[in-house]
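Grab a pencil and have a go at these short exercises. Try each task yourself before you read its solution.

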Amino acid sequence: MRVPRDDAAASMTWLATLVEACQAQDHRGVVWVAAPGEQALARACAIHRSREWHAPLWAGEGEPGADMPAIDRLPMSQARSRLGQEHDLLIFDARTPGSGFDPDAFGALSGTVRAGGLLVVLTPAEWTTGTAHPDNDYARLAHWPHDAHSLSVHYLTRLARVLHRDAGVWYWPAERRMPRPGRLPSSEASPPRPDDTACVTADQAAAVHRLTRLRRRRPVVLSADRGRGKSAALGIAAARRLQAGETLLWVTAPRRASVEPLFARLAALFPHGHRAEGHFQVTLASRACEVRFLAPDAVIEALSAPDVDRRAPPTLFVDEAAAIPTPLLARWLEAFPRLAFATTVHGYEGTGRGFQIRFYARLSRDTPDWREVRLAAPVRWAEGDPLERLTRDMLLLDAAPADDAEATAALAASPVHIRWLDRAALAEDESMLAALFGLLVQAHYRTTPGDLRQLLDGPDVRLAVAYAGTTCLGVCQVQAEGGFPEDLAERVVLGERRPRGHLLAQSLAAHGGWQAALTSRWWRIMRIAVHPAARRRGIGRALVEAVAEAAPAAGIDRLGVSFGAEASLIAFWHRQGFVSLRLGLTRDAASGEHALMMGRSPAGAGDGSLETWAHALQDALPGLLAFELNALEGEVATALLREGPVPVVSAALAARLAHYARGAGELSLARPWLCEAWLAWWRARPAVDDETPCEETRALREWASVLFQGRDAETTPSRGRQARLAHWRHMAAALHRRLTATA
């Protein structure tokens, strides 16, 4: 069916003015069409027909129509497949029935519009009046028993306000024959081209120079906003390292699409090379060279390949490092003498600010000679680009908490108090929203544009916030789960149903068989964050206790949390009275960590079901560590082994321990009761004593990897069998002393 022509679209002289100005200044234009369905479609068709576009793209679930046969159509769910590609025209259809505004798709696709191009945003007409209704993309938020159309629309209403107030947007409501002109791009002097002809900016050339000359134990960090050419810089540097003699270089990122520009640069620099899925091969000076992509969870495992020398592993380039958990980055820092981290400062892949707070201290401690290179000048468009500014505002990519000085002054001037926020009021207050969301962004290794919508409109979400005066110092985001009727809960346990949402309750029921986990009502703490300048002041504990105190009045039976298992996080939740309930047996492909679920009663104790579920994991853990979780990090294993009853050290057990320490028996035969003795020492030891352990205590703690995971040679690789046996007997003697001293 042909789309009826819109009389207002007959004259498109305004479009030529906008596009010519964008092309002259290397900027990207934005047109907002807010009109009823057919009228909006007619205007989009008119824009598409008005000129020849390079790789025009229609993003949305609806059909563009017969008047646009040459335009490529992309469902929102496939937006990330276009990372690394470029379009002159992007029509983002957020008004078609069956579609809606997908924040993650908008974040990904807005960066594919190239300089001189145009983004056309189609929205429902009611956005022009400051009102909105839940669109079909809200179905991703609507977990059982909610449906999409019952949710609030604070997020969409805020988007409409941002579009209205942006002076660079060409606004085309239904009643106007032509758009209200936006501010045209202004003339700015172009920066000089660098001497390095492969690079576009001096920033990029400096980054390539540093990466090409990587030295042992001197990692490099590239930090940049989107569009600054950091991934391309990695590709140019990889090519030059191959030319300098390297034959193998590894690249990792949360998603392979993130490093598409890296492989594109390799293909451009080595046109005679072979590019295949996940790797690039080329022959240089009779040497077979390769750049290989590895998923984060496969990097450490790849070091065990027979053709890899662990003492001199390949150079590792890490792109979008801010979206990868710090513990995984730290393991790479230890394993790879030559490596570089690249991170987006403001972007949908992760947050460079959070990366700086979490990881820079670790870099300074372990590799004090590390260097940072900041890429500030845009590569793919000019400074002051209207679409970049709009994307940042709409998705709140610049969200940042109060600076350290403000936070410190607020703490000195006012006591900390906690209050529950109204989300409607939060959405209306941009400064409050930016400070709160900025805290959540920097505390979590991966934040997407969709997380802001979840914060504002997710069903059954509550926000407890810590303030000193008016300064936001901490936030706890809580999600209600459970409350299933018995019949539905039974079907979930049997694997016949899997309603949307209820992550923790459904996982405990489906994997553990605990039907009561579904019929109970939970508050799952989705995220908790404390300002860096306000840490170690009890604010995190106060937030958790505020949630616990409010839970009974809301009919909540239990509190829960789910996160990537990491020793310091486990210790934090232990201190808040949580116990481990379920540990995932496989690592997440992006985070490289095992998911851990923990829970507690709001009262802190006296929940028989939680105790039963916790004991089930405690009983299973030694066997899992010996087999399925054999490669689990030792510090995570010991953190989990702390939970459970303290074994009784009988006279017989003490005698056997002393007997082994004096030289009798083999470790394999003594292992069962050595494990029991170790648990008796470890679980009776106050957790606070682990903050500054002595050398012997540290060695005893690390011995768990030998006892429970059989990693004998790995923990003492430089010793022969007899030396290792002597070491184990020494450990047994130390353990015997500790146990008998406290008996």
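Three exercises on this predicted model follow.

**Exercise 1.** Work out how the protein chain compares with a globular protein of its length.

*Solution.*
- Start with the parts list: the protein chain has 28 helices and 21 strands.
- Next, take its radius of gyration, 29 Å, and set it beside the 27 Å from the globule rule for 743 residues; the two values are close, so the chain is as compact as a globular protein of that length.
- For the outline, picture a box of roughly 95 × 70 × 55 Å around the C-alpha atoms, taken along the principal axes.

**Exercise 2.** Find what share of the residues is buried, and what share of the contacts with a separation of 6 or more links residues 24 or more positions apart.

*Solution.*
- Count a residue as buried if its relative accessible area is under 20%. That gives 55% of the 743 residues.
- Now the contacts: of those with a separation of 6 or more, 73% are between residues 24 or more positions apart.
- On the outside, the accessible surface is about 30,500 Å², and carbon and sulfur atoms hold 51% of it.

**Exercise 3.** Decide in which sense, parallel or antiparallel, β11 pairs with β8 and with β10.

*Solution.*
- Look at β8 (residues 248-252) beside β11 (residues 287-294): five bridges join them in the parallel sense. Here Val 251 sits opposite Phe 293.
- Move on to β10 (residues 279-284), which pairs with β11 through six bridges, in the antiparallel sense. Leu 284 faces Arg 287 across this pair.
- Finally, check the link: β10 and β11 make a hairpin with two residues between them, and Ala 285 in the turn has a positive phi of about 50°.

Key. Residues numbered from 1 in each chain as written. Predicted model: local features only at pLDDT ≥ 70, side-chain atom pairs only at ≥ 80, totals over all residues. Heavy atoms only, no water. Helix = DSSP H or I, 4+ residues; strand = E, 2+ residues; numbered from the N terminus. Rg over C-alpha atoms; globule rule 2.2 N^0.38 Å. Buried < 20%, exposed > 50% of the residue type's maximum accessible area, 1.4 Å probe, protein only. Contact = heavy atoms within 4.5 Å. Areas by Shrake-Rupley, 256 points an atom, 1.4 Å probe, with all protein chains shown as cover. Pairing = 2+ DSSP bridges.
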